Amino acid sequence: MLTIEHVSKTFFANTPNEKRALRDVNLTLDEGDFCTVIGSNGAGKSTLLNAVAGVFPVDEGKIKIGAVDITRMPEHRRASLIGRVFQDPMRGTAADMEIEENLAMALRRGQRPGLSWGDKRKERAFFQERLTLLNLGLENRLHAHVGLLSGGQRQALTLLMATLVRPELLLLDEHTAALDPKTAANVLDLTNQIVTQDKLTTLMITHNMRDALRFGNRLIMMHDGRPIVDVKGEEKAKLTPKDLLALFEEAADGGVSDKMMLG
């Protein structure tokens, strides 16, 4: 489903601030994989996700979603294939628009703009049905402006918007990092419910080791711009945080400490 072949990215090349963010990365996600990605600050997690999203061009390599080569495709054109939830709850929604209007935009993601009356009653009923999944009472507040919602409510809404039209790939960029622990747990449970129910191919970046172990069928650890640990299935299910740290230490030749991983 997602294929990354020999992808490299260097920022500020040939300057004193040169940073090799991705180093010959090779990675394949099968359809329906829910893959968590963990690593210390600067390991390349978010750079990898941004490369897939099209935020910047890669220096070398190829990125494909299914049979579609998206390596040189601009970010806005990837919207028909990719759903994304950002770390900042304010980024995924339009604050001055109503909940219903935000959902209507999400429903038309990747489509050419045009004039159509459509069936507003049927569309509204669909929105209410999907909002019920959030268990936040938003199905009864379709005309409320999104700017009035809490951060957790906005992030849950953003998640719903990103998956309203089934994406080929869902990208989650530390999407609970800015939330309080209780709200973060609720959004993660909702994430797991939607991803599992709709069998979405998902790449989730996280700093939380326990969340990386708890969610998904696959875990990748990055260090110094490349994946160094890749576990899946029963092997992942049996791992404890202690086991995971041992794997990290072994794969990185002692270059990953507890402090780095938990920071």
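**Salt bridges, helix packing and buried residues**

Q: How far apart are the closest N and O atoms in the salt bridge of Lys9 with Asp59?
A: The model is predicted, so local features need pLDDT of at least 70 and side-chain atom pairs count only at pLDDT 80 or more, while totals for chains, interfaces and linings use all residues. Residues are numbered from 1 along each chain as its sequence is written, and side-chain values use heavy atoms, with hydrogens and water left out. A salt bridge needs a side-chain nitrogen of Lys or Arg within 4 Å of a carboxyl oxygen of Asp or Glu. For Lys9 and Asp59, the closest N and O atoms are separated by 3.7 Å.

Q: How many residues apart are Lys9 and Asp59, which link distant parts of the chain?
A: Lys9 belongs to strand β1 (residues 2–11), whereas Asp59 is in the loop between α1 (45–53) and β4 (60–65). Helices (H or I, at least four residues) and strands (E, at least two) are DSSP runs, numbered from the N terminus. Along the chain, the separation of Lys9 and Asp59 is 50 residues.

Q: Is Lys9 buried or exposed?
A: Buried means under 20% relative accessible area, exposed over 50%, and partly exposed in between (1.4 Å probe, protein chains only). Its partner Asp59, at 40%, is partly exposed. Lys9 has a relative accessible area of 9%, so Lys9 is buried.

Q: How many salt bridges does a search of the whole structure find?
A: Side chains of opposite charge can pair when their charged atoms come close. For the whole structure, the search gives a total of nine salt bridges.

Q: Which residue forms a salt bridge with Arg214?
A: The closest N and O atoms of this pair, Arg214 and Asp189, are 2.8 Å apart. Arg214 lies in helix α6 (residues 209–214) and Asp189 in helix α5, so the pair ties together parts 25 residues apart in sequence. Arg214 is exposed at 53% relative accessibility, and its partner is partly exposed at 36%. The partner of Arg214 is Asp189.

Q: Which residue is linked with Arg218 and Asp230 in a network of salt bridges?
A: Asp230 and Arg218 form a salt bridge, with their closest N and O atoms 2.7 Å apart. Asp230 is in strand β10 (residues 226–232) and Arg218 in strand β9 (residues 218–223), 12 residues apart. Arg218 is buried at 4%, whereas Asp230 is partly exposed at 39%. The network adds to these two residues Asp33.

Q: At about what angle do α4 and α5 pack?
A: Two packed helices are described by the angle between their axes and the distance between the axes. Axes are lines fitted to C-alpha atoms, for helices over the stretch in contact, and angles run from 0 to 180 degrees between N-to-C directions. Under 35 degrees counts as roughly parallel, over 145 as roughly antiparallel, 65 to 115 as roughly perpendicular and the rest as oblique, and α4 and α5 are therefore roughly parallel. With axes 10 Å apart, α4 (residues 151–164) and α5 (residues 181–198) pack at an angle of about 15°.

Q: How many nonpolar residues does the contact of α4 with α5 have?
A: Contact means heavy atoms within 4.5 Å. By class, Ala, Val, Leu, Ile, Met, Phe, Trp, Tyr, Cys and Pro count as nonpolar, Asp, Glu, Lys and Arg as charged, and the others, Gly among them, as polar. From α4, Gly152, Gln155, Ala156, Leu159 and Thr163 meet Thr183, Val187, Leu190, Thr191 and Ile194 of α5. Beside five polar and no charged residues, the number of nonpolar ones is five.

Q: Is α3 parallel or oblique to α4?
A: The axes of α3 (residues 120–132) and α4 come within 11 Å and cross at roughly 125°. That angle makes α3, relative to α4, oblique.

Q: Which residues of α4 make the contact with α3?
A: The crossing of α3 and α4 is right-handed (the near helix is turned clockwise from the far one by less than a right angle; anticlockwise would be left-handed). On the α3 side, the contact is made by Phe126, Phe127, Arg130 and Leu131. On the α4 side are Leu157, Leu160, Thr163 and Leu164.

Q: What is the relative accessible area of Thr158?
A: Thr158 sits in helix α4. Not counting residues up to four places away in sequence, Thr158 touches Arg84, Val85, Pro89, Gly92 and Thr93. Thr158 is buried because its relative accessible area is 2%.
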